[in-house]
Amino acid sequence: MTTTSSDNGLGSPTSENERSVATPGIGHLLLLALIVGVFAIVWLLVYEGGNDLIWNNSFVTSNRWVIPVGVVFFSLLVGLVQKYLHAPTVIDGGIEQALKAEDVATYKNFWGALLSSLLSLWSGASVGPEGPLGFLAVQISQWIAARLKFEKRGALVASLAGMSSAYNGIVGNPVFASLLAVEASGAKGGLAVLTPSLVAGTVGFLLFAIVGVEPFAGFLAVGSVSGITLAWIVWAIALGLIGVLLALYTRAALGVSDRVMSRFKDRVVVRTLVAGVIIGVVCYFIPELLFSGESVIQTIIANPAQYGVEMLLLMALLKPLLLTLSLKSGYLGGPIFPALFASIMIGLAISLLAPGVPLAILVACPAAGVITLLLRAPLTAILLIALMTSAGASPDMLGLITVSAATALLAGMFMQKRMASSTP
């Protein structure tokens, strides 16, 4: 009987008849979830601590010229890490691939991914922390699976469990990643997919809660509504459609960024430097566009009149451009917060024109629409927006968010059918 050899990822060949076909048991899942959860907490603290140290100091705030210099410097480092440490990117993927990392990461370039994740987030590029955390969680899980000699199916289950531990912890909900996994897989796999995700995700959620790490849940405390009226339903539908338009605009921007940045081909350092110069110049004039937007969203919500309708809409238009430029240039990050930022700016602009509409509706409903289409996961989008706006405790507000997400989903299906029928 002949055997074939393959690289076990640790530098030595392993024959297939020597490889175990073990799959994760409950003990494996608990251990893996604990390891990934602890890593996620440490990584998040390093990211936030480094960001405060680098950017939130009196020297930077009093010398605006530091913004483009800092952006270009960290962009150069991102490019060098890509070139020499083979850091992963989502250049060849779409918006949703920046979050669903289980299909695009391998543990062999973990150190490149780790450095790229922190440098990308510290660079000021428009990317969020959820994307790289997913990459890193999957890579750690794959490494553990290789050490335990899981078969391919077992390694995929381990990856799903690790990502669930990290995501449920950072989001602040024990079922978020399980719902994302079900939608991402097209509801395939049943309990075989759901069980490890739920077990590991619960561990991650509890670990974050016990340690006291502040999650995304409740991040956008904009109140709620009491009672559903026909007017609020109409607003929810209209705002869902605005979310659709923003999602289409973002996908169009992704195509433009792809065509422009693909001209650099394998000149990865030049590519990130060019992107860094563009981001630095834009953010020199509008510092609120630095990073993914989560650090300034609440400040803008507190006083949108300070910016005015025109500036709010300008920021809403520029943020998707910076997001797609960042992703297609090789920065490692997620799309959720930049997309939220853009949709919230539109909602706040409308609030200045229609002050009688509850702010909760204007913030949550367009966000639900755009996240639904960008991630192609409506239930996940509903849960995420409900968590971030603390709308889960209000059935009325949750209902309006669902109306917006359903509107966006129906509009997306309609456009998909129209494009399919027009294709020869």
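These numbered points go through a predicted model of one chain, from its overall make-up to individual residues.

1. Overall make-up. The chain has 424 residues, and 54% of them count as buried. Its secondary structure consists of 16 helices and 2 strands. Among contacts with a separation of 6 or more, residues 24 or more positions apart in sequence account for 83%.

2. Largest pocket. The largest pocket holds about 740 Å³ of space. It is lined by 27 residues, and Asn51, Asn56, Glu294, Ser295 and Val296 are the ones closest to its centre. Helix H1 gives the largest share of this lining, with 6 residues. H1 and helix H2 (58–62) each contribute at least two residues to the lining. By class, the lining of the largest pocket splits into 15 nonpolar, 6 polar and 6 charged residues.

3. Cavities. How many cavities of 30 Å³ or more does a search of the whole structure find? The search returns 2. The second largest cavity has a volume of about 30 Å³. Its lining is made up of Pro24, His28, Leu29, Leu32, Ile144, Leu148, Phe150 and Ala158. Of these residues, 7 are nonpolar and 1 is polar, with no charged residue in the lining. Helix H1 (residues 26–55) supplies 3 residues, the largest share of this lining. H1 therefore has the largest share in the lining of the second largest cavity and in that of the largest pocket.

4. Cysteines. A search of the whole structure finds 0 disulfides. Are Cys283 and Cys365 buried or exposed? Cys283 counts as buried because its relative accessibility is 0%, under the 20% cut-off. Cys365 is buried as well, with a relative accessible area of 0%.

5. Ser257. This residue is found in helix H9, which covers residues 230–261. Ser257 has a relative accessible area of 10%, so it falls under the 20% limit and is buried. Leaving aside residues up to four places away in sequence, Ser257 touches Leu321, Thr324, Leu325 and Lys328. With one of these, Thr324, there is a polar contact between side chains, at 3.0 Å. A reader checking the surroundings of Ser257 can start from this pair.

6. Helix H15. How many of the 11 residues of helix H15 (residues 378–388) are buried? The number is 10, and the helix is mostly covered. The buried residues are Pro378, Thr380, Ala381, Ile382, Leu383, Leu384, Ile385, Ala386, Leu387 and Met388. After H15 comes Ser390, which has a positive phi, near 55°.

7. Ala386. This residue lies in helix H15. Ala386 counts as buried because its relative accessibility of 5% is under 20%. Ala386 and Gly218 are 168 residues apart in sequence, while their C-alpha atoms are 8.7 Å apart in space.

Key
Residues numbered from 1 in each chain as written. Predicted model: local features only at pLDDT ≥ 70, side-chain atom pairs only at ≥ 80, totals over all residues. Heavy atoms only, no water. 1 Å grid on protein atoms, 1.4 Å probe; cavity = no way out; pocket = protein on both sides within 12 Å on 5 of 7 lines; lining within 4 Å. Points joined across faces, edges and corners; volume = space filled by probe spheres on them. Helix = DSSP H or I, 4+ residues; strand = E, 2+ residues; numbered from the N terminus. Nonpolar A, V, L, I, M, F, W, Y, C, P; charged D, E, K, R; others polar. Disulfide = S-S within 2.5 Å. Buried < 20%, exposed > 50% of the residue type's maximum accessible area, 1.4 Å probe, protein only. Polar contact = N/O pair within 3.5 Å; in protein donor to acceptor, adjacent residues only side chain to side chain. Contact = heavy atoms within 4.5 Å.
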